[in-house]
2 protein chains.
Amino acid sequence: MRLVNDKLELDKRKAFILQTVVYEYINTAEPVGSVTLTQKYNLGVSSATIRNEMAELEAGGYLVQPHTSSGRIPSDAGYRTYVDRLMQPETLTKDDTRRIRDQFREASRELSEVIEQTTRLLSGLSGNLAIALAPSRDTHAFKYVQLIWLSPRTALAVVVTSAGVASQRVFEWPHDVAADDLTRLSNALNSKLSGRIMEDVTPSELDDIANELAIGAGVREAVRTAFATARQHDEPEIAAAGAQNLLDQPEFHDLRKLRAILRIVEEQRTLYDLIADELNDGAGNPSPHVRIGHELRAEELAECSVVTVPYRFGDRGVGMLAILGPRRMPYGRLIALASGTARSLDEHLNDVEIR
Amino acid sequence: MRLVNDKLELDKRKAFILQTVVYEYINTAEPVGSVTLTQKYNLGVSSATIRNEMAELEAGGYLVQPHTSSGRIPSDAGYRTYVDRLMQPETLTKDDTRRIRDQFREASRELSEVIEQTTRLLSGLSGNLAIALAPSRDTHAFKYVQLIWLSPRTALAVVVTSAGVASQRVFEWPHDVAADDLTRLSNALNSKLSGRIMEDVTPSELDDIANELAIGAGVREAVRTAFATARQHDEPEIAAAGAQNLLDQPEFHDLRKLRAILRIVEEQRTLYDLIADELNDGAGNPSPHVRIGHELRAEELAECSVVTVPYRFGDRGVGMLAILGPRRMPYGRLIALASGTARSLDEHLNDVEIR
DNA sequence: GCCTGGCACTCCCGCGTGCCGACTGCCAAC
DNA sequence: GTTGGCAGTCGGCACGCGGGAGTGCCAGGC
């Protein structure tokens with residue numbers, strides 16, 4: 001056993017054994033023993049040798065025994081090594097490609113609906129829980145605002161961004177406002193701000209435009225509020241689907257674990273926290289990312305893994321797709337599915353984006 | 001044992017026993033025996049007498065025995081009699097009233113968000129699964145349409161109804177369209193249709209308005225599509241929350257039942273079917289309605305009950321709140337909660353409605 | 001005629017027991 | 001370094017047993 005940087009350096013045979021144990025455990029959900037290994041895979045050595053190797057892999061932290069005299073299952077580090085170095089990358093099957101394409105062909109044009117439909121697609125394909133986070137509204141491009149005169153003292157403000165209508169709100173003023181003022185202000189805002197990224201439009205800039213036209217404070221306030229609502233939402237736009245898939249996995253037959261997952265799914269905030277970490281790297285690094293077990297930093301998710309992959313919307317927008325499932329998940333396939341879906345989502349949003 | 005219309009007529013004592021059995025079973029989730037009954041409730045007779053009465057209640061179809069020599073649990077008919085004739089009506093506690101009021105005070109102004117927030121509130125209060133169905137878009141009142149010129153060949157159409165923005169869509173034409181035409185058409189549509197119920201606005205009526213202004217076929221088509229999208233949605237707007245509450249109930253520790261529920265919740269269509277029956281009566285009859293076990297006409301829901309209560313939006317709109325839980329649910333409390341929440345939802349939507 | 005205490009009977013459920021099978025670790029031999 | 005053999009460990013399952021809860025029935029009393 002050679003240790004390099006505190007870690008067991010894996011020779012070729014150890015690597016193959018680790019790979020095979022992970023693969024077998026992912027498929028059977030049963031701890032893997034040395035005899036199973038020699039019988040099902042052509043290793044060229046006897047089970048006794050495998051036992052010695054497996055003992056060393058356990059000492060190195062790659063495998064653990066649920067109890068004495070049981071087979072081994074991978075540890076977080078074992079899965080990590082598998083994902084980073086041992087696993088075969090997979091590509092999408094023809095059938096998957098077709099289903100993804102068909103889904104997006106008839107997908108909605110509204111961002112929040114697209115998000116939901118995508119989670120349903122991805123959970124169906126992956127057989128796990130799928131999560132989708134919409135790009136922050138701050139990064140959408142401003143397209144259009146209309147202040148619609150309803151009565152002398154009320155108006156409807158509609159703000160349109162590159163992702164569609166982002167805010168709509170009825171305003172009421174204590175004094176009469178001329179319909180003409182609203183039209184003039186709408187026109188001025190549209191010509192000066194069109195195409196700007198929402199987070200770059202400052203409230204004082206909005207005030208300046210209104211001041212130039214000598215528009216009263218009440219209306220100015222309304223415009224500021226309308227823009228603010230268009231930018232920020234109480235809750236991040238996020239969707240999840242496929243929780244019932246997890247019931248098929250033996251690790252979730254324990255009700256406590258199941259409850260933990262359901263709680264996470266129903267609370268948008270927790271769901272957001274779960275994948276928000278990745279958003280920062282995501283922008284620079286558009287490749288899939290896997291977090292395994294304790295890497296998720298949540299005790300109730302210690303037996304889960306999450307695959308995340310970012311997607312782009314417009315110039316600056318970054319959203320995220322994720323698959324949550326048991327640690328014992330088919331990483332290769334899920335990474336391929338998440339990437340493929342993210343690519344199609346990219347394209348679809350590109351089509352739907354208002355230019 | 002007197003049979004009236006094929007049913008056992010309940011004398012006062014039988015009624016009290018049935019009521020007590022249901023009450024006890026709802027609280028303990030354990031089959032109720034004759035001794036428990038005489039010990040916990042002051043019945044004035046011995047357990048042997050109760051046994052005779054319970055045997056008759058079983059013969060009459062109100063109680064069943066899970067197995068020989070166990071206590072009794074209510075049948076669908078037993079619950080039905082309890083709900084219709086025996087149960088004490090309940091009123092909301094101060095605390096519930098306050099929580100409902102607080103929730104709606106800071107509720108969203110957007111219909112689909114209000115729906116979601118309401119399910120979260122109601123599931124939290126009731127400890128069961130809450131469902132909310134938005135009123136059909138057909139019943140909203142038309143308020144405003146704006147055809148927004150983006151480029152000579154593209155425009156954005158926004159339709160606003162009494163529930164807010166209902167459709168937004170970019171149209172592309174093979175030939176140039178004048179910005180002025182779009183404005184004229186928007187104005188004409190607004191002045192002629194304002195306040196009309198969406199389902200009463202016919203496509204040919206839209207065409208007529210465009211024809212009067214000599215507007216081309218491409219634009220006419222766009223207006224028709226914009227109105228059609230505003231009226232109908234691919235899916236009914238429906239939300240559910242609180243599935244994890246059901247995990248606390250012993251009847252859902254069986255994974256098959258749990259899976260059935262989760263599937264129903266995740267498939268909007270099934271969820272809609274579950275409460276849509278009630279929509280038809282709902283309009284005329286604004287009181288809560290309870291369906292128990294097999295009355296739900298779904299094998300996988302044979303051990304569930306649903307409380308539904310309609311709410312109103314605008315002149316013709318009817319939506320629905322529902323609570324789904326085990327048959328063994330606290331009917332009185334849940335009916336009070338659903339009614340109270342529906343009342344507040346009524347009021348809130350009345351405030352938010354665009355007039 | 002209704003109510004009651006007593007009694008035999010039934011059935012679920014939890015517990016302890018013992019056995020089987022799977023797997024390991026170790027060792028001596030190759 | 002590899003191998004077969006062997007003892008040891010542990011989970012899981014079937015089995016049987018007894019306790020407990022509850023019933024139905026019956027004879028006797030009010």
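User: How do you know that helix 8 (residues 203-212) and helix 9 (residues 217-231) of chain B come within 10 Å, and at what angle do they cross?

Analyst: In this predicted model, lines fitted to the C-alpha atoms over the stretch in contact serve as axes. On that basis, the axes of helix 8 and helix 9 of chain B come within 10 Å and cross at roughly 145°. The crossing of helix 8 of chain B and helix 9 of chain B is right-handed.

User: Which residues make the contact of helix 8 of chain B with helix 9 of chain B?

Analyst: A contact requires C-beta atoms within 7 Å. From helix 8 of chain B come B:Pro203, B:Leu206, B:Asp207 and B:Ala210, and these meet B:Val219, B:Arg220, B:Val223, B:Arg224 and B:Phe227 in helix 9 of chain B. By class, this contact has six nonpolar, no polar and three charged residues.

User: Why are A:Ile131 and B:Ile131 singled out in the largest nonpolar core?

Analyst: Membership requires a buried residue of a listed nonpolar type, joined to others through C-beta atoms within 7 Å. The largest nonpolar core has 202 residues, and A:Ile131 and B:Ile131 touch the most other members. Beyond its neighbours within four places in sequence, A:Ile131 is in contact with A:Thr119, A:Ile238, A:Ala240, A:Leu271, A:Ile275, A:Ala322 and A:Leu324. In soluble globular proteins, nonpolar side chains tend to be buried together.

User: How many residues does each chain bring to the contact of chain A and chain B?

Analyst: Chain A brings 24 residues and chain B brings 24 residues. On the chain B side, strand 6 (142-151), strand 7 (154-161), strand 8 (164-172) and helix 10 (255-266) each supply at least two residues. Helix 10 of chain B gives the most, with six residues. By class, the side of chain B that touches chain A has 14 nonpolar, five polar and five charged residues.

User: What makes a residue count as near DNA strand C, and which come nearest?

Analyst: The C-beta atom must lie within 6 Å of the strand. There are 20 residues around DNA strand C, and A:Gly33, A:Ser34, B:Val45, B:Ser46 and B:Ser69 come nearest. Helix 3 of chain A gives the most to this surface, with four residues. By class, the surface near DNA strand C has six nonpolar, twelve polar and two charged residues.

User: Which residues are closest to DNA strand D, and which helix gives the largest share of the surface near DNA strand D?

Analyst: Of the 20 residues that surround DNA strand D, the closest are A:Val45, A:Ser46, A:Ser69, B:Gly33 and B:Ser34. Helix 3 of chain B gives the largest share of the surface near DNA strand D, four residues.

Terms used: Residues numbered from 1 in each chain as written. Chains lettered and ligands numbered in written order. Predicted model: local features only at pLDDT ≥ 70, side-chain atom pairs only at ≥ 80, totals over all residues. Nonpolar A, V, L, I, M, F, W, Y, C, P; charged D, E, K, R; others polar. Buried ≥ 20, exposed ≤ 12 C-beta atoms within 10 Å, placed from the backbone. Contact = placed C-beta atoms within 7 Å. Axes fitted to C-alpha atoms, helices over the stretch in contact; angles between N-to-C directions. Left-handed = near helix turned anticlockwise from the far one by under 90°.
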